[in-house]
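Here is a short report on a structure, taken from single residues up to whole chains. Please look it over before reading on.

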Protein chains: 2
Amino acid sequence: MQKLTIVKVGGKVVEDVESLMKLLEDFSRISGRKILVHGGGKSATAMAEKLGVKTEMTGGRRITNKEMLDVVLMVYGGLINKNIVAKCQALGMNSVGLTGADLNIIKAVKRPVKDIDYGYAGDVVSVQAKQFENLLESGAVPVVAPLTHDGRGLMLNTNADTMAAETAKALADGYEVTLVYCFEKPGVLMDPDDDNSVIPVLSYSDFKKYQKDGIISEGMIPKLDNGFDALMAGVKDVIISNPESIVKLNDLGTHLAS
Amino acid sequence: MQKLTIVKVGGKVVEDVESLMKLLEDFSRISGRKILVHGGGKSATAMAEKLGVKTEMTGGRRITNKEMLDVVLMVYGGLINKNIVAKCQALGMNSVGLTGADLNIIKAVKRPVKDIDYGYAGDVVSVQAKQFENLLESGAVPVVAPLTHDGRGLMLNTNADTMAAETAKALADGYEVTLVYCFEKPGVLMDPDDDNSVIPVLSYSDFKKYQKDGIISEGMIPKLDNGFDALMAGVKDVIISNPESIVKLNDLGTHLAS
């Protein structure tokens, strides 16, 4: 089977032009088929502030009202995505910027309202593996923004970690997939203040234990849930690492183990 | 040869959600291969104002400074393009939003500074017919935003009329291409105040004569220059019309004739 590397990048790495450029250079050195999935860091919040759009939060999660949807379409779908595509082209990668709506690659449903109305937030329903395969086999490098659509004309703000995991799962039948969650830290840490405390291999039972013990912190939990979900669905390797590690993935970061 | 219809839409048609939806419904009824190229109307200027970015103009033309480039990337590449793509998908068209950077389909050069520095404005250098063909033959409907790249990592603000004409020219070898410039008026008018004064067939010599006599107005001239350029390069039919006409193109609008 062909190898496919899916790198999800977010947080400060995307916000800072220099760190993003460095990451894209390293990304360009990965051989074989590849897909980049990007988040937007705090750039949408910053743009919303400039435009006087209030960022509504509940339980630490953003509510995407109509005005905020416009902001994420602009910032994630336009500004960040197109700048990444242009840089990738300059680095010799024939990239193509995509949201879930483009070629209908990732369809979602507007999150049902239970206790909380998250507004225009999407929960992934389906990934069109065939469309990704067509692009990959023609030599293209998809660059995916954290946006989906509902198939009825509505764009939806969607979690980039989940989109990366769902894409990895959908493509695991046809490729030997490595999924890399790339963020500021060198991996999953035993001590959040010590970058030398990377857990090289993290099993699901250890994850659950560390979660119970409070060793693995709040923000990391949904990322690891997504990662183990992908691993159990046939993704070959799931790695949590920082941008410096993506050229030598075998040796660095935290590798998940079932 | 397969028929290909390229519709360029801009101005108030894009600014107003209702007129845009109506246009997309009509566009969905065009049979055969098709491409939509959209401008942004005044929406970028409005967003720039909200963000406190000054719109610099010289001789009636916009100067794209760095801040304005960010605004057009957001508004054209993100907000407008992705909303159109989502609506097209809802109408059963497997649309894919593209700038010139995506799949390197339209490369440009930053406009050289002579008397005036237009900033981050792109002059089209090349169109990758092959990439368009791959998408069209796979059943996709490209939705092109008025943005290109220079191949060195820079996105560029680019005239949508020119992008439509250059795309039509590049695809004229492989398809029987109809290029439609769709705007508010029902065609090229003998009297700008009388919508019943449409010129049904406009020859190049008449165009030049009307231009000299001041009958054809300022804003229409570059559009017609682009149109005749495409016609002379092998595009089968070039039509200037309003959105109402695009479902019965043979009977309505102004058809250019060499």
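## A buried loop residue in chain B

B:Asn104 counts as buried, with 23 C-beta neighbours inside 10 Å. The cut-off for that label is 20 or more. This is a predicted model.

B:Asn104 lies in the loop between S5 and strand S6 (106-110) of chain B. Its phi is positive, about 55°. B:Asn104 is not a glycine.

## A buried loop residue in chain A

Chain A offers A:Leu103. This residue sits in the loop between strand S5 (95-98) and strand S6 (106-110) of chain A. Its phi is also positive, about 60°, although A:Leu103 is not a glycine.

Is A:Leu103 buried or exposed? A:Leu103 is buried, because 27 other C-beta atoms lie within 10 Å and the label needs 20 or more.

## Helix packing in chain A

Two helices of chain A meet: H6 (residues 160-171) and H8 (residues 220-232). Their axes come within 9 Å. The crossing angle is roughly 5°. H6(A) is therefore roughly parallel to H8(A), since angles under 35 degrees count as such.

Which residues make this contact? From H6(A) come A:Asp161, A:Thr162, A:Ala165, A:Ala168 and A:Lys169. From H8(A) come A:Pro222, A:Lys223, A:Asn226, A:Gly227, A:Asp229 and A:Ala230. By type, the residues of this contact are 4 nonpolar, 3 polar and 4 charged.

## The contact of chain A with chain B

Chain B puts 34 residues into the contact, and chain A puts in 34 residues. On the side of chain B that touches chain A, three elements each supply at least two residues: helix H4 (66-90), strand S5 (95-98) and strand S9 (147-149). H4(B) gives the most, with 14 residues.

What is the chemical make-up of that side of chain B? Its residues divide into 15 nonpolar, 13 polar and 6 charged.

## Symmetry of the two chains

How does chain B map onto chain A? A turn of 180° and a shift of 0.0 Å along the axis lay chain B on chain A. The RMSD is 0.0 Å. The two chains are therefore related by a two-fold axis.

The same surface serves both copies. Of the contact residues of chain B, 100% recur in chain A.

Note on methods
Residues are numbered from 1 along each chain as its sequence is written. Chains are lettered from A and ligands numbered from 1 in the order in which they are written. This is a predicted model: local features need pLDDT of at least 70, side-chain atom pairs count only at pLDDT 80 or more; totals for chains, interfaces and linings use all residues. Axes are lines fitted to C-alpha atoms, for helices over the stretch in contact, and angles run from 0 to 180 degrees between N-to-C directions. Helices (H or I, at least four residues) and strands (E, at least two) are DSSP runs, numbered from the N terminus. Angles under 35 degrees count as roughly parallel, over 145 as roughly antiparallel, 65 to 115 as roughly perpendicular and the rest as oblique. Two residues are in contact if their C-beta atoms, placed from the backbone, lie within 7 Å. Ala, Val, Leu, Ile, Met, Phe, Trp, Tyr, Cys and Pro count as nonpolar, Asp, Glu, Lys and Arg as charged, and the others, Gly among them, as polar. A residue is buried if 20 or more other C-beta atoms lie within 10 Å of its own, exposed if 12 or fewer, and partly exposed in between; C-beta atoms are placed from the backbone. Copies are superposed by least squares on the C-alpha atoms of residues with pLDDT of at least 70 in both.
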